[in-house]
Amino acid sequence: MKRRLFTLTLAASALAFGSHAQAQTRWDLPSAYPASNFHTANLNQFAADIDQATGGKLKITVHANASLFRAPEIKRAVQGGQAQIGEILLAAYQNEWEIFGADGIPFLATSYDESFKLYQAQKPFLEKKLDEQGMMLLYAVAWPPQGIYSKKPLNSAADLRGSKWRAYSPSTTRIAQLVGAQPVTVQAAELSQALATGVVEANMTSGATGVDSKLYEHLKYYYDVQAWLPKNAVIANKRAFNALDKATQDAVLKAATDAEKRGWEASRKVNADTLATLKANGMEVLPPSAQLKADMEKVGETMLKEWLEKAGPEGQALLAAFRK
């Protein structure tokens with residue numbers, strides 16, 4: 001009798017444990033940026049908020065620094081279900097669909113306020129496209145304004161001619177072509193090595209990436225041209241999201257809203273802090289000369305015209321909404 005009772009108790013415990021295991025869901029969240037980056041810190045807080053709100057029913061593991069998937073692979077991984085959620089740089093996918101690259105057009109939106117306004121104009125298009133691809137937009141956060149890093153002083157765009165220019169998106173490749181530089185595709189996780197080996201001599205990125213990759217160890221000058229503020233977007237696989245119960249879905253959406261607000265605020269602070277860090281480590285942080293700024297604005301005008309031609313009616317509608 002005792003043995004039978006013990007067996008029944010054991011079976012009941014196993015059943016209870018199995019039910020608990022089934023109730024818990026685990027998601028993988030690949031990111032291309034280091035653990036020290038403010039975007040990654042925001043992702044970790046996002047995951048922690050969901051864990052707490054759901055009582056551990058949904059646990060999200062953040063895989064930083066391209067440790068699970070390389071940057072160009074993340075969107076496809078989420079779309080195909082290899083990862084349930086991921087962080088992507090929208091502008092990196094402009095060749096797939098021009099609207100993804102709206103925030104990579106130089107001098108279209110150069111401040112945080114303008115960048116957020118551009119995001120609001122872009123958001124309905126993003127949500128529709130991602131939905132068609134079996135995904136959903138959870139939130140997006142801007143990087144700090146993009147400046148030019150260089151080994152040598154830059155008085156005009158002509159000084160960039162022939163230099164090895166790091167490209168991480170179609171727009172940064174096009175900038176190189178327009179100023180006569182040599183574009184070299186290098187992702188954020190590989191930037192330090194590319195600089196150390198001479199593969200890259202100049203690049204356009206934020207102060208945040210400059211600090212993450214310790215660009216001050218290899219480059220001398222940073223020109224704060226504030227050309228654009230590209231965004232990272234956190235996207236989820238729709239099938240994975242729809243498999244969650246309603247309460248868990250609500251927790252994810254609430255955490256995403258909080259992460260977006262927190263991320264934009266963090267980006268503003270990081271911009272000021274990282275420029276100070278670059279200076280403290282010996283880099284010359286300078287405003288662009290009038291000629292350099294005029295040259296780069298001309299590049300922006302050319303790229304906006306090209307973008308509108310390729311983006312068609314969608315691009316025209318987005319630009320009209322932004323400029324309203």
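Q: How many positive and negative side chains does the chain have, and how far apart do the centres of the two sets lie?
A: Count the charged side chains of each sign, then compare the centres of the two sets. Here the chain has 37 positive and 32 negative side chains. Their centres lie 5 Å apart. Keep in mind that this is a predicted model.

Q: What can side chains of opposite charge do?
A: They can pair when their charged atoms come close. In this structure there are 16 salt bridges.

Q: Which residue forms a salt bridge with Asp51?
A: Look for the closest N and O atoms of the two side chains. Asp51 pairs with Lys59, and those atoms are 3.0 Å apart.

Q: Are Asp51 and Lys59 buried or exposed?
A: Read the relative accessibility, where partly exposed runs between the 20% and 50% cut-offs. Asp51 has 26%, so this residue counts as partly exposed. Lys59 has 25%, so this one also counts as partly exposed.

Q: Which residue forms a salt bridge with Glu190, and how far apart are the closest N and O atoms?
A: The partner is Arg70, with the closest N and O atoms 3.8 Å apart. This pair links distant parts of the chain, 120 residues apart. Glu190 sits in the loop between strand S7 (182–185) and helix H6 (191–196). Arg70 sits in the loop between strand S2 (58–63) and helix H3 (74–80). Glu190 is partly exposed, at 32% relative accessible area. Arg70 is partly exposed too, at 38%.

Q: Which residues are joined with Arg70 into one network?
A: Salt bridges can share partners, and here that joins Arg70, Glu73 and Glu190.

Q: Where do Lys129 and Glu132 lie in the chain?
A: Both are in helix H4 (residues 112–132). They are three residues apart, so about one helical turn separates them. They form a salt bridge, with the closest N and O atoms 4.0 Å apart.

Q: How many helices and strands does the chain have?
A: Take stock of the whole chain before its parts. There are ten helices and eleven strands. The C-alpha trace spans about 90 × 45 × 30 Å along its principal axes. Of the 324 residues, 52% count as buried.

Q: What is the accessible surface of the chain?
A: The total comes to about 14,900 Å². Carbon and sulfur atoms account for 52% of that surface.

Q: Among contacts between residues at least 6 apart in sequence, what share joins residues at least 24 apart?
A: Sort such contacts by sequence separation. In this chain the share is 77%.

Q: Which residues of helix H5 are buried?
A: Go along the helix and pick out the buried positions. In H5 (residues 170–179) these are Pro170, Ser171, Thr172, Ile175, Ala176 and Val179. Next, see what they pack against. The buried residues of H5 meet strand S6 (164–167), S7, strand S8 (202–205) and helix H10 (290–323). Just after H5, Gly180 takes a positive phi of about 85°.

Q: Where is the place of Met204, and is Met204 buried or exposed?
A: Met204 belongs to strand S8. Its relative accessibility is 1%, so Met204 counts as buried.

Q: Which residues is Met204 in contact with, leaving aside its neighbours within four places in sequence?
A: The contacts include Gln146, Gly147 and Ile148. Trp165, Tyr168 and Ile175 are also among them, as are Val225, Ala227, Trp228 and Met296.

Q: How far apart are Met204 and Tyr222 in sequence and in space?
A: They are 18 residues apart in sequence. In space the distance is 9.2 Å, C-alpha to C-alpha.

How values were computed:
Residues are numbered from 1 along each chain as its sequence is written. This is a predicted model: local features need pLDDT of at least 70, side-chain atom pairs count only at pLDDT 80 or more; totals for chains, interfaces and linings use all residues. Side-chain values use heavy atoms; hydrogens and water are left out. Buried means under 20% relative accessible area, exposed over 50%, partly exposed in between (1.4 Å probe, protein chains only). Helices (H or I, at least four residues) and strands (E, at least two) are DSSP runs, numbered from the N terminus. Contact means heavy atoms within 4.5 Å. Accessible areas come from the Shrake-Rupley method with a 1.4 Å probe; for residues, only the protein chains shown count as cover. Lys and Arg count as positive and Asp and Glu as negative; His and the chain ends are not counted. The place of a charge is taken as NZ of Lys, CZ of Arg, CG of Asp or CD of Glu.
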